[in-house]
Amino acid sequence: MAYWLFKSEPDVWSWEQQKAKGAVGEEWTGVRNYQARNNMRAMKIGDKGFFYHSNEGLEIVGIVEVCALSHPDSSAKGDPKWDCVDIRAVTDVPKPITLKDVKANPKFEKMSLVTSMRLSVQPVTDEEYFEICRLGGVDNPPKSPD
């Protein structure tokens, strides 16, 4: 299974805006980091991820699902080296998990959110995903396909 974390500044693209897009979802554009781009290229339809508010809030607020595979980023003005996926909102995290909570929990000491804080699209292990769901009050967390 594959799980991910998508960072967004809430004043640029918020969880509420993501939810408003409904089942259609939205392109995850503007990523200009090769590792983050490669993470998106590795994603499969149905992969789940966390929606994280960066800079303001610093918390995991929702769960999203990849609904379109990696394709040229429409914001890259024709530059073929930049790709993106489309994601759609799946569910809120009832008790948002702050960066402070993650850093204080030894179960997350190797999590990319702690070790690669600047990376905007990050992998999340199965263990990290289900523990954050548990702490965040997500009953029956949605799973990524095998």
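## Exercises on a predicted model

Let's start with one contact: a polar atom in the side chain of lysine 48 sits 3.1 Å from the backbone oxygen of lysine 143. A polar contact here is a pair of N or O atoms within 3.5 Å; within protein, one must be able to donate a hydrogen and the other to accept it, and residues adjacent in sequence count only if both atoms are side-chain atoms.

Before you go on, note that residues are numbered from 1 along each chain as its sequence is written, and that side-chain values use heavy atoms, leaving out hydrogens and water. The model is predicted, with pLDDT of at least 70 needed for local features and 80 or more for side-chain atom pairs, while totals for chains, interfaces and linings use all residues.

### Exercise 1: lysine 48

Work out where lysine 48 lies, whether it counts as buried or exposed, and what its side chain meets.

*Step 1.* Find its element: lysine 48 is in strand β3, residues 48-53. Helices (H or I, at least four residues) and strands (E, at least two) are DSSP runs, numbered from the N terminus.

*Step 2.* Check the accessibility. Lysine 48 counts as buried because its relative accessibility is 7%. The cut-offs are under 20% relative accessible area for buried, over 50% for exposed, and partly exposed in between (1.4 Å probe, protein chains only).

*Step 3.* Look for a side-chain partner: the side chain of glutamate 65 makes a polar contact with that of lysine 48, at 2.9 Å.

*Step 4.* List the neighbours. Leaving aside residues up to four places away in sequence, lysine 48 touches several residues, among them Trp4, Ile63, Tyr129 and Pro142. Contact means heavy atoms within 4.5 Å.

### Exercise 2: two helices

Find which residues of α2 and α5 are buried, and what covers or packs against them.

*Step 1.* Take helix α2, residues 34-41: its buried residues include Ala36, Arg37, Asn39 and Met40. Seen down the axis of α2, the buried residues fall within an arc of 155 degrees, so they line one face of the helix. That arc is taken from the directions from the helix axis to the C-beta atoms.

*Step 2.* Recall a general point: an α-helix has 3.6 residues a turn, so residues three or four places apart point the same way.

*Step 3.* See what covers them: β1 (3-8), β4 (59-72), β5 (83-98) and β6 (121-124) are included in the cover over the buried residues of α2.

*Step 4.* Look at the start of α2. There, a side-chain oxygen of asparagine 33 comes to within 2.9 Å of the backbone nitrogen of glutamine 35.

*Step 5.* Now turn to helix α5, residues 126-135, where Glu128, Tyr129, Glu131, Ile132 and Cys133 are buried. These buried residues of α5 pack against β1, β3, β4, β5 and β6. Arginine 134 is in α5 too, but it counts as exposed, at 51% relative accessibility.

*Step 6.* Go past the helix: glycine 137 follows α5 and has a positive phi, near 75 degrees.

### Exercise 3: loops

Place valine 31, asparagine 55 and lysine 77, and say whether each is buried or exposed.

*Step 1.* Valine 31 is in the loop between β2 and α2, and at 5% relative accessibility it counts as buried. Its contacts, not counting residues up to four places away in sequence, include Ala36, Arg37 and Met40. Aspartate 83 is 52 residues from valine 31 in sequence, yet their C-alpha atoms are 8.0 Å apart.

*Step 2.* Asparagine 55 is in the loop between β3 and β4 and counts as exposed, at 59%. Its phi is positive, near 65 degrees.

*Step 3.* Lysine 77, in the loop between β4 and β5, counts as exposed at 79%. Its phi is positive too, about 50 degrees, although lysine 77 is not a glycine.

*Step 4.* Here's the background: most residues other than glycine have a negative phi.

### Exercise 4: a long pair

How far apart are arginine 134 and asparagine 55, in sequence and in space?

*Step 1.* Count along the chain: they are 79 residues apart.

*Step 2.* Go from C-alpha to C-alpha: the separation is 24 Å.
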